[in-house]
Structures are given as structure tokens and as C-alpha cells.
Amino acid sequence: MKKIASALLLTLALSPAAAAQTRLTLASAVSQALQNGPDVTSARANLQKAQANLRAVRADPTSIVTTLTQAEQDAAAQLAALQGGKLSTAQTVIGQYVAAYEAQGRINLNRAQVALDERNLQIARARLEARVATPLDVSRAQTSLNSNRQELADAQAQLPVLEAQLARTLGLNAGTNLVLAAPPAPPKLSVSLAALQSGLDKRLPRLVQAANGAALAQLQVKLSNNDYTPARTLQDAQIALANAQRTLNDATRASRTGVSDAYRATQNAARQLDIARQQAANAQTALTQAQARLKAGTAAAVEVQQAQVQAQQASLGVQQAQGGLWQALAALGAASGMDVTGLVK
């Protein structure tokens with residue numbers, strides 16, 4: 001019998017479900033996506049191809065200046081695309097990770113609320129029997145219980161969906177059981193708005209492309225400005241340069257505005273986290289007081305249970321605000337082309 005039991009335990013330990021369990025931290029999830037994510041992998045391959053082409057063009061003594069310029073610009077554009085792809089992937093992973101982790105927190109809170117509602121329903125029924133409550137009080141308690149049971153069921157149904165989305169982004173097998181560690185405290189935003197807005201045309205893929213277009217158009221004007229090139233060719237090159245510069249200026253203004261908006265959103269998310277922490281501290285104080293009153297005989301056990309649920313709700317609020325700040329930082333990084341999360345290597 002013992003041998004059978006041991007064999008069964010070994011079988012369970014080696015089953016696909018057990019083997020598929022994956023423990024993750026926020027940092028390890030981002031790292032895995034940056035290493036194996038399809039978008040980053042494609043961008044890395046494109047960069048290697050562009051760099052190889054640039055080396056070949058530079059080594060070819062017959063390469064003309066426009067061919068060399070275009071090869072250099074393509075290498076710079078692919079480098080920006082790789083960095084942009086990393087920041088975009090990190091933004092996706094951070095959003096999916098905090099959503100999945102918060103879903104488990106909501107489930108725990110819903111369970112505590114259901115337990116409290118069940119207790120309140122018992123109390124309402126007891127008070128009705130004692131003729132100090134009405135059937136309406138019982139009905140309201142039952143409705144609250146039904147509502148929170150439905151919220152719990154919805155949260156439990158949503159969790160595997162969110163985990164599956166994260167697993168797919170990380171390239172994990174379908175059905176992988178994810179065990180997510182609590183996200184760490186987000187880093188403080190230490191870079192200025194001016195620094196984030198500076199050099200966008202060297203970091204953002206769309207601006208690098210626009211800057212490359214303007215630089216190439218400028219070269220065409222230079223090459224056409226002589227006495228052996230038709231005047232019409234020079235005029236066309238000058239018009240193309242004006243259009244390219246206009247495109248670059250418009251894209252730069254839009255990008256600077258996007259960075260400014262993301263910067264303000266990050267500052268607001270940090271303030272919201274501070275408020276959530278204060279509310280959690282207040283809820284914990286209220287719980288401590290309720291427990292002391294219960295011990296002194298001046299409060300009922302259900303009041304302590306209510307305070308516990310409120311403290312748990314405030315704790316979830318901190319978790320959600322912290323996740324909101326992580327997402328704001330990731331969005332700011334994607335908008336500015338500069339990592340401010342500390343997770344993109």
C-alpha cells in the first residue's frame with residue numbers, strides 16, 4: 001500500500017500540470033519577454049542584418065555617398081526600433097503582470113467580503129427572530145451576499161484569462177500555472193521632463209525615421225547644388241527637404257507632448273500611491289482599535305470582521321495604486337524612448 005501511495009505521489013509530481021508551474025517576479029517576467037519575445041527577437045535580427053549591410057557597404061570601395069548614408073541610417077533606425085521594441089514589450093508585460101497579480105488580490109478581498117456578508121445575514125435572521133429587525137433587513141443582507149458572491153465568481157473567472165495573456169506574451173506553453181510574486185515598490189522618477197524630451201530624434205523609431213529622411217533630403221540638396229545638375233533637380237530636392245523637415249518638426253512636437261502627458265500621469269500616479277498608503281494606514285489603525293474594543297467588551301466580533309475587510313480593501317488599494325505607478329512608468333518609458341522602470345536591460 002505504501003509503495004502504491006509513493007508511486008502515486010511521484011506520478012503527480014511529474015505530471016504536466018506540476019511541471020508547468022512557473023514562478024515569476026516582475027523583473028524576471030520582463031527579462032524573459034525581452035529575451036524571447038517575438039517582436040524583440042525580430043527587431044534584434046533586423047538590427048544584425050542592417051549592421052552587416054553597413055559593414056559590407058563601408059568595405060566596398062565603389063559605394064557612393066548616398067548608399068553609405070542610407071546604410072548608416074538604416075542601422076541607426078533598426079537600433080532605435082530594437083530599443084523601442086524592448087520598451088513596448090516591457091510596457092505590455094508590466095501591464096499584464098500587475099493585472100494578474102491584482103486579480104488574485106481581488107479574489108481574496110471578495111472571499112473576505114462574502115464571509116462578512118454571510119455573518120451579517122446570520123445576524124439579520126437572528127434579529128428578525130428576536131423581532132428587532134424586519135424581513136427587509138434580511139432581504140438586503142441576502143442581496144448583498146448574492147452580489148458579492150457574483151463578484152467573487154467573476155474575479156475567479158477573470159484570473160486564468162489574465163494569466164494566460166501573460167503566459168502568451170512570455171512565450172510559455174498554454175496552461176502554464178503561473179505563481180506571481182508581489183511587484184516591488186516602483187522606483188522614484190529621478191529624471192527631469194527636459195531630459196526625457198531631449199534627444200527624442202535619436203531614440204524614438206518614428207522620429208529617427210523622420211530625422212533620417214530630413215538628413216537624406218539635405219544631402220540630396222547638397223549634391224544637386226552645382227553647375228552640372230539641372231536646376232529643376234535642385235528645386236525638387238529643396239521642396240523634398242522642406243517637406244521632410246516639416247514632417248520631422250510635426251512628429252517632434254507630437255512626441256514632446258506625448259512625453260509631457262506621460263510625465264504628468266506618472267507624477268499623478270505617484271501621488272495616488274501616497275494617498276492609498278495613508279488610507280491603508282488609517283484602516284489598519286481602525287482595525288487595531290476595533291480589536292482593542294472587542295477585548296474590552298465594547299465591540300462585537302462582527303465589527304472587527306468589518307474592520308478587517310476594510311483594512312484588506314485598503315491594502316488592495318495600495319496594490320492597485322502601486323500597479324498603476326508601474327504602468328505609468330512603463331508608458332513614460334515607451335513615450336520617451338528612455339527606460340525609467342529599471343527593468344529594461
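How exposed or buried is Glu-72? At 34% relative accessibility, Glu-72 comes out as partly exposed, where buried means under 20% relative accessible area, exposed over 50% and partly exposed in between (1.4 Å probe, protein chains only). Keep in mind that this is a predicted model, in which local features need pLDDT of at least 70, side-chain atom pairs count only at pLDDT 80 or more, and totals for chains, interfaces and linings use all residues. Residues are numbered from 1 along each chain as its sequence is written, and side-chain values use heavy atoms, with hydrogens and water left out.

**View 1. Arg-58 and Glu-72 pair up in a salt bridge.** The structure holds seven salt bridges, each being a side-chain nitrogen of Lys or Arg within 4 Å of a carboxyl oxygen of Asp or Glu. Here the closest N and O atoms sit 3.6 Å apart. The pair ties together distant parts of the chain, 14 residues apart: Arg-58 belongs to helix H4 (residues 38-59) and Glu-72 to helix H5 (residues 65-129). Helices (H or I, at least four residues) and strands (E, at least two) are DSSP runs, numbered from the N terminus. Arg-58 is exposed, at 55% relative accessible area.

**View 2. Asp-236 and Arg-232 meet within helix H10.** Their side chains form a salt bridge of 3.1 Å, N to O. The two residues are four apart in H10 (residues 231-296), about one turn of the helix. An α-helix has 3.6 residues a turn, so residues three or four places apart point the same way. Asp-236 is partly exposed at 38%, while Arg-232 is exposed at 57%.

**View 3. Glu-303 reaches Arg-293 in a salt bridge.** For this one, the closest N and O atoms are 3.5 Å apart. Again distant parts of the chain are linked, with Glu-303 in helix H11 (residues 301-336) and Arg-293 in helix H10, ten residues apart. Glu-303 counts as partly exposed at 34% relative accessibility, and Arg-293 does too at 36%.

**View 4. Helix H6 (residues 135-169) has the span you'd expect.** The expected span is 1.5 Å times one less than the number of residues, so the 35 residues of H6 should cover 51 Å; the end C-alpha atoms are 52 Å apart, which agrees. Its buried residues include Val-138, Leu-145, Leu-152 and Leu-159, along with Asn-148 and Glu-163. Among the elements covering them are H5 and strand S2 (178-180). Just after H6, Gly-171 takes a positive phi of about 75°.

Notes. Contact means heavy atoms within 4.5 Å.
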